[in-house]
Amino acid sequence: MKLSFLAALLFCCTCFAQNNTDTSLYMKSDKITYLTDIGSESGDLYKTIGHHGPAIENEWMALRIYFSDKVAIDVYNKAKAGLELKKAQWYPTPEQQKEGWGADYYKVAATSGLGGVKLWDGEKVVPLNPVTNRLARVGKTDTTSWMEMISRGVPYKGKKVDILVRVTVFSGKREAKVEAFSLNGEKVQFVTGVNYFKDFQTKKGTNYIAVWGKHPEDVAAEIVEVGAAIMYNPKDYVKTNDDGTQYLLISKPTKYLETKIISSCARETELNTLDKLEAYIKK
């Protein structure tokens with residue numbers, strides 16, 4: 001009995017030690033104290049919060065949600081597996097990048113980024129803005145890290161709705177989960193997707209869209225090819241759309257929507273081409 005108990009205890013300790021995920025939420029004015037939640041009636045703390053919003057990471061990528069009218073999801077790609085967010089704070093120096101750190105190669109621009117969520121009113125995309133209040137939260141479990149953005153009082157079809165977007169990363173699993181909730185109980189049409197730029201390669205399947213190419217230079221020390229993909233259940237959607245900057249998926253009226261997202265880059269050793277990324281998705 002004692003041996004069994006010790007074995008179980010050792011197993012539990014090993015599980016805790018293997019949680020290769022993390023969270024990050026802090027004020028720019030105080031980079032020492034990490035927060036679990038923060039809110040704003042204006043709905044915009046883009047310039048106030050470190051890395052412009054809550055962030056989470058697993059071994060292969062970090063993700064953040066912009067705390068602004070965008071509520072877009074952005075990506076930090078890594079050259080090698082490991083946790084970097086607390087040390088790099090999304091913006092490693094050029095010297096660190098040359099030493100093997102990741103970087104912010106991904107550019108969201110005016111889109112929803114990778115798997116970001118907005119609404120659809122039947123004719124056009126409706127941003128999660130203006131709001132009566134916006135709240136960001138982060139947290140961890142034994143094997144995951146998650147972040148949430150709650151946008152309250154969003155005007156939609158003559159009413160006001162409260163929308164929650166939750167992103168979860170898993171230890172030992174490359175893809176992240178994105179969930180959208182209509183907290184009022186009102187059915188809404190969500191719109192999500194993946195953005196792209198000129199000369200990008202695209203591959204599509206019945207349940208995924210994958211893109212690959214160079215994002216415009218922004219803050220990284222070099223331009224690196226980046227891959228991104230969204231995986232979804234086609235039964236959840238009524239149509240797709242390409243607006244010239246992003247592939248959009250428009251959902252059926254619903255209270256809940258779930259997708260999976262994944263990103264990789266040419267600097268890593270595993271999924272460093274579009275073909276390899278697509279093969280992983282299919283597997």
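This report describes the fold, one central strand, the aromatic contacts and several local backbone features of a protein structure. The model is a predicted one.

## Overall form

The secondary structure of the protein comprises four helices and 18 strands. Along the principal axes, its C-alpha atoms fill a box of roughly 60 × 45 × 45 Å. A compact globule of 283 residues would have a radius of gyration near 19 Å, and the protein agrees with this, because its own value is 19 Å.

Of the 283 residues, 53% are buried. The accessible surface comes to about 13,100 Å², and carbon and sulfur atoms account for 53% of that surface. Contacts in the protein often span the chain: among those between residues at least 6 apart in sequence, 62% join residues at least 24 apart.

## Strand E11 and its neighbours

Strand E11 covers residues 173-182. Eight of its 10 residues are buried, so E11 is largely enclosed by the rest of the structure.

E11 pairs with E10 in the antiparallel sense, over seven bridges. The two strands form a hairpin with two residues between them. In the turn of this hairpin, Gly172 has a positive phi of about 80°. One of the bridges matches Thr168 with Lys177 in E11.

E11 is also joined to E18 by six bridges, and these two strands run antiparallel. Here Ala176 has Ile261 in E18 as its bridge partner.

## Aromatic pairs

A pair of aromatic rings is described by the distance of the centres and the angle of the planes. The protein has seven aromatic pairs, and two of them are set out below.

| Pair | Centre to centre | Angle between planes | Arrangement |
|---|---|---|---|
| Phe181 and Tyr256 | 5.0 Å | 55° | tilted |
| Tyr196 and Tyr247 | 4.6 Å | 25° | stacked |

The pair of Phe181 and Tyr256 links distant parts of the chain, with Phe181 in strand E11 and Tyr256 in strand E18 (residues 256-265), 75 residues apart. This aromatic pair therefore connects E11 and E18, strands that are also joined by bridges. Tyr256 has a relative accessibility of 34% and so counts as partly exposed.

The pair of Tyr196 and Tyr247 likewise links distant parts of the chain, across 51 residues. Tyr196 lies in the loop between strand E12 (190-195) and strand E13 (201-205), while Tyr247 belongs to strand E17 (residues 246-251). Are these two tyrosines buried or exposed? Tyr196 counts as buried because its relative accessibility is 13%, under the 20% limit. Tyr247 also counts as buried, at 11% relative accessibility.

## Charges over rings

Lysine side chains also approach aromatic rings in this model. The charged end of Lys86 sits over the ring of Tyr34, 4.7 Å from the ring centre. Similarly, the charged end of Lys173 sits over the ring of Phe170, at 4.8 Å from its centre.

## Local backbone features

Most residues other than glycine have a negative phi, and most peptide bonds are trans. Several places in the chain depart from this pattern.

A cis peptide bond joins Asn129 and Pro130, with omega at about 0°. Pro130 is located in the loop between strand E7 (125-126) and strand E8 (133-140).

Ala109 is not a glycine, yet its phi is positive, at about 60°. Ala109 belongs to the loop between helix H3 (94-98) and strand E6 (118-120). With a relative accessible area of 34%, Ala109 is partly exposed.

Lys157, again not a glycine, has a positive phi of about 50°. The loop that holds Lys157 runs between strand E9 (144-156) and strand E10 (159-170). Lys157 is exposed because its relative accessible area is 52%, over the 50% limit.

## A buried glutamine in helix H3

Gln97 lies in helix H3. What is the burial state of Gln97? At 4% relative accessibility, Gln97 counts as buried. Leaving aside residues up to four places away in sequence, Gln97 touches Pro92, Gly102, Ala103, Ala220, Ala221, Glu222 and Arg267.

Key. Residues are numbered from 1 along each chain as its sequence is written. This is a predicted model: local features need pLDDT of at least 70, side-chain atom pairs count only at pLDDT 80 or more; totals for chains, interfaces and linings use all residues. Side-chain values use heavy atoms; hydrogens and water are left out. Rings of Phe, Tyr and Trp (its six-membered ring) pair if their centres lie within 6.5 Å; planes under 30 degrees apart count as stacked, over 60 as edge-to-face and the rest as tilted. Buried means under 20% relative accessible area, exposed over 50%, partly exposed in between (1.4 Å probe, protein chains only). A charge sits over a ring if NZ of Lys or CZ of Arg is within 6 Å of the ring centre and within 35 degrees of the ring normal. Contact means heavy atoms within 4.5 Å. The radius of gyration is taken over C-alpha atoms; the globule rule is 2.2 Å times the number of residues to the power 0.38. Accessible areas come from the Shrake-Rupley method with a 1.4 Å probe; for residues, only the protein chains shown count as cover. Two strands pair if DSSP finds at least two bridges between them.
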